[in-house]
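Biologist: Could you take me through a close look at one helix pair in this predicted model, and then at the few single residues that deserve comment alongside that pair?

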Amino acid sequence: SLPRYLIEAVVSTQSTGPIDIKDVKLLDWLVDRAVVNRLWNEECSELRSLLKEVSEEECPLTDISKDDLTLPIYYHTSTRILETLEASPFGSKNILGQYNHEYTAKWARIVKLFEKDCTFLADCSKSIAQNVKYDVPLYKKQIARATQIKQDSLKKQTECSKNITKYQAKFRERCADIGIVGDHVRSELLALVTEIPSMMVEIGGDMAGLQSALSYYQVFARFLISDPDLEVCPMLSFFLQHGNTTVCQWETGILPAQESDTDSSVEIIEPMEVREKNGCVYITDDLSLEDIATDTDPKNLTPELEGVKEEEEGEVDYGIDTIDFGADIDFGDDVVECGEIDFGEETVEIAVLEDGDGKQTELLLDNSITRNKILDELHELSAFLYGRRDEISRQAESIFSEIPDCPTEVQTTQLIDVEKMLARVSIPLNKLTSDKMRHLLLLKASEKYLDRLTDSLQSQLRLVDKMEDSIDMMKLRVQEAEQTFNEVEPKLKKVVETTKQLKSCVEAELSKRYNGRPVRIMGDINTL
């Protein structure tokens, strides 16, 4: 009933095969085989305090690097530092075999404490397990994460740059469709509205060349329906005859008496009739032309005034039941003779009216209703010409030549003539239906649309700003990732190098203890 470690010790002396030890189980292996004390960690308080003390002191030798004096300090590092100190003037000893320099004596004490009860083997085993299981995977994850963040950020930077180019191109395209540069969107849109009159004049000039197309359509339609009085495109016909005139002329056939761009109109009313009775003045607008020529005799008063009489009893007859106001009523001491009031030779009344008929003074192309009618008839004329072009192109000879009483204009019109008519119709039609014209008309009609259009255009620029902010953020993330990589990578290299040194130290020491048998520490330590 010998202990397990004694049995293995006996067996080990008889065996020559290698000893394989799992890296994370190395400390347990040493404790089970009584190589190190189970309570080794509690007995290392003096060793830890000495290591902390020498790491904070300034080393007298420049040959010893600061990295060697940085915690944690291991057994193989301590022995190397002690050898360096012994080879220097600081390694001298007295007659009792003690070091003369206190700094060297501390390192000698550290090495002795490491070797006591094979504490250095336990310390190395613990560090190997810590590095293999925790530190190295942590550093590798940090490096992998930093590398991934850098790659993702660079990729997103590229995407944001492409989006900036796309949004800027879309903004320039929309501005070009409207007809502005885009440097100052709102002010340019406001200035663009002033171009509407010149554009309407240009469109009116283009429509002047539609007479042949409209005449051809009218002759064709009236012939097919057999109605010579058929109205075909009346609005377009009126426009070609009178030009871009007012809505009032279109609806009434009469030019407006006065065109005004103000919001109100002033109307001068004819002078009203001034009549006198009993020294008092009466004004009325119910007089006829014959009454104007008469004098101011009371007999010529209008019926409305005949019922007004002044009675001797103080009672006034208003044509209704007599009301007794009493004879003792005092209306004041002063009496003003009405006959002495001078109203002048002529009375003129001015009436200010709200301009409710402002639409009547608008031009046909400016008014939305008449403009839409013109557009409808242009589309109708264009559709007719497209149909005629297809019919003529499919038939070598016109079938209308065989129909009696067919108008000459219908028979002689060729494909090239229809195409020319269609081209002339398309010019004003395309201008009136273009995006630029649509925006201009909406801008003129509504100030809110100006705000909406400005916001819609500037939304592309806001997206550009957002992408630029994203690029700046991605650049910052790349810098942070590179900084993390530069900080962690040296730590990983140092930990890996230290772990391999500890592995070699433990393997060599255990091999000595087991009669030179090869010792191999297995596990993830070999894949660092």
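Modeller: The crossing of α4 and α5 is left-handed. Two packed helices are described by the angle between their axes and the distance between the axes. Here the axes of α4, which covers residues 75-86, and α5, which covers residues 102-115, cross at roughly 145° and come within 9 Å. On the α4 side the contact is made by Tyr75, Ser78, Thr79, Ile81, Leu82 and Leu85, while α5 brings Tyr103, Thr104, Trp107, Ala108, Ile110, Val111, Phe114 and Glu115 to the contact. Sorted by character, the residues that join α4 to α5 comprise ten that are nonpolar, three that are polar and one that is charged.

Turning from the helix pair to the backbone, most residues other than glycine have a negative phi, and most peptide bonds are trans. Against that background, Cys233, although it is not a glycine, has a positive phi of about 50°. Cys233 lies in the loop between α9 (211-225) and α10 (234-242), and because its relative accessible area is 3%, under the 20% cut-off, Cys233 counts as buried. Asn515 is likewise not a glycine and has a positive phi, in this case of about 55°. The loop that holds Asn515 runs between α18 (447-513) and β8 (519-522), and here the relative accessibility is 58%, which is over the 50% cut-off, so Asn515 is classed as exposed.

Helix α18, which precedes the loop of Asn515, also contains Gln460. The side chain type is polar by the classification used here, and yet Gln460 is buried, because its relative accessible area of 8% falls under 20%. Leaving aside residues up to four places away in sequence, Gln460 touches Tyr167, Lys170 and Phe171.

The cysteines can be taken last. A disulfide is a covalent bond between the sulfur atoms of two cysteines. With a pair of cysteine sulfur atoms required to lie within 2.5 Å, the count of disulfides in this model comes to zero. As for how accessible individual cysteines are, Cys59 has a relative accessibility of 15% and therefore counts as buried, and Cys248, with a relative accessible area of 14%, is also buried. Cys233, the residue with the positive phi of about 50°, is buried at 3%.

Terms used
Residues numbered from 1 in each chain as written. Predicted model: local features only at pLDDT ≥ 70, side-chain atom pairs only at ≥ 80, totals over all residues. Heavy atoms only, no water. Axes fitted to C-alpha atoms, helices over the stretch in contact; angles between N-to-C directions. Helix = DSSP H or I, 4+ residues; strand = E, 2+ residues; numbered from the N terminus. Left-handed = near helix turned anticlockwise from the far one by under 90°. Contact = heavy atoms within 4.5 Å. Buried < 20%, exposed > 50% of the residue type's maximum accessible area, 1.4 Å probe, protein only.
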